[in-house]
Amino acid sequence: MSNQNDGQETIDLGELYLQLYAFTDDFLKTRTFFRGAGSTSFLAGKEVHDYVMDGIEKYLRNPEKFNPSSGRSLLNYIRLHIIRTLIGNDLRSAENRLSKDLFAFEDRDEEKDVDYVETMLPHVETYFDEEMDYEKIMAHVEDAIKGDKTAEEIFLGITGYGLKRREIISEFGMAETEYNNGIRRLQTVLKNTALQFKLKQTSL
Amino acid sequence: MSENSKKAKTDFIRTILTHADSVSSNSEAAGQYLSSEGLNTEAIKNEGLKRIKKLKLQVEADKTRREMEASEQHKQKAIEWVNNLLKDINFSFSDFVKKENLVLQNRNLESLTEDDIRNTLIQYYTLKFLDEDAGKNK
């Protein structure tokens, strides 16, 4: 099944759905990064499918709100604007009034395409404990990935040069699959490190 | 907090966020991520397509319903408009036809009954109001 947006770009809806599902799944799991929760049901009993469909529905009911000439892709429009906002809204709902969460923030970048990491960074940083010894934590991460060339290069690309995914792939001449596997191993190390250092989000 | 510690904190969070961005950057990465999480990508895709198909039908049905409602509203507005127009003793249908460049199926205006004129005017104003509304919503 495919769909054509106003920019006459043919979208493979199956592929789009998978990407949105992966984003939402990881996005919601990152919320519980330090809680170790493995539930597939999130806020108000919603599951990943529900958030993805809510995002697609918002687009299909108001396709004119997506402006492909701005350079923003449909994937980015739905994942970085709609789904992120939907989850943010749920986090601010009555059910979650007593907890301040990692991704509870206002969307202020509706009109421009956004770099996910740089946009999220200021919001997320405020929820991390100031008192932790992050130099020690990072030294631990560095030590844990020693010998894993791909993970080391990705880590260096992100922390040393602030590179994005495609820049790291190009700069270090790695295949996409290598990158995908490398960042996954790096994520596992980060999770283990967070647990080891009892790293928690600050709360209200 | 020292500058070094601040940078280390930013780097730590940036690395976490890069992962979330990466897993959905393309369909291959998405598939690999979902498989690594023990999820069935084909089942997810099929479920998604099934839901999208159902949603598209709902969206189309809602659109048709809204259009029909809007059309009925415009027709009511046109009826009121025409009633007032026909009450005006200065109104001349032949002048109106010339002014608005109306193309009528029956070119012999003399043979039109009062009901024919009324229905023609209602049809004309219904379409006019619909066009105006569509123009506003663009």
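**View 1. Helices α8(A) and α2(B) are oblique to each other.** This orientation follows from the crossing angle in the predicted model: the two axes come within 10 Å and cross at roughly 40°, and an angle that lies over 35 but under 65 degrees is therefore classed as oblique. As for its hand, α8(A) passes α2(B) in a right-handed crossing. Look on the chain A side for A:E176, A:N180 and A:R184 of α8(A), which make the contact with B:E28, B:A29, B:Q32 and B:S36 of α2(B). Sorted by class, this contact of α8(A) with α2(B) holds three charged, three polar and one nonpolar residue.

**View 2. Chain B meets chain A through residues of several helices.** Here we step back to the wider contact between the chains, where 43 residues of chain B touch 47 residues of chain A. On the chain B side, the elements that give two or more residues are α1 (3–22), α2 (27–36) and α3 (41–87). Of these, α1(B) provides the largest share, with 17 residues. The side of chain B that touches chain A divides into 17 nonpolar, 15 polar and 11 charged residues.

**View 3. Within chain A, helix α8 also packs against helix α5.** The partners here are α5 (residues 134–144) and α8 (residues 176–196), both of chain A, with their axes 10 Å apart and an angle of about 135° between them. With that angle, α5(A) and α8(A) are therefore oblique to each other. Their crossing is right-handed. If you follow the contact residue by residue, you will find A:I137, A:H140, A:V141 and A:A144 on α5(A), meeting A:V189, A:L190 and A:T193 on α8(A). Five nonpolar and two polar residues make up this contact of α5(A) with α8(A), and no charged ones take part.

**View 4. Chain B on its own is built with five helices and zero strands.** Tracing the chain along its sequence gives the pattern α-α-α-α-α. Chain B has 138 residues, and buried residues make up 21% of them. It is also worth a look at how the chain contacts itself: among contacts in chain B between residues at least 6 apart in sequence, 56% join residues at least 24 apart.

Note on methods: Residues numbered from 1 in each chain as written. Chains lettered and ligands numbered in written order. Predicted model: local features only at pLDDT ≥ 70, side-chain atom pairs only at ≥ 80, totals over all residues. Axes fitted to C-alpha atoms, helices over the stretch in contact; angles between N-to-C directions. Helix = DSSP H or I, 4+ residues; strand = E, 2+ residues; numbered from the N terminus. Parallel < 35°, antiparallel > 145°, perpendicular 65-115°, else oblique. Left-handed = near helix turned anticlockwise from the far one by under 90°. Contact = placed C-beta atoms within 7 Å. Nonpolar A, V, L, I, M, F, W, Y, C, P; charged D, E, K, R; others polar. Buried ≥ 20, exposed ≤ 12 C-beta atoms within 10 Å, placed from the backbone.
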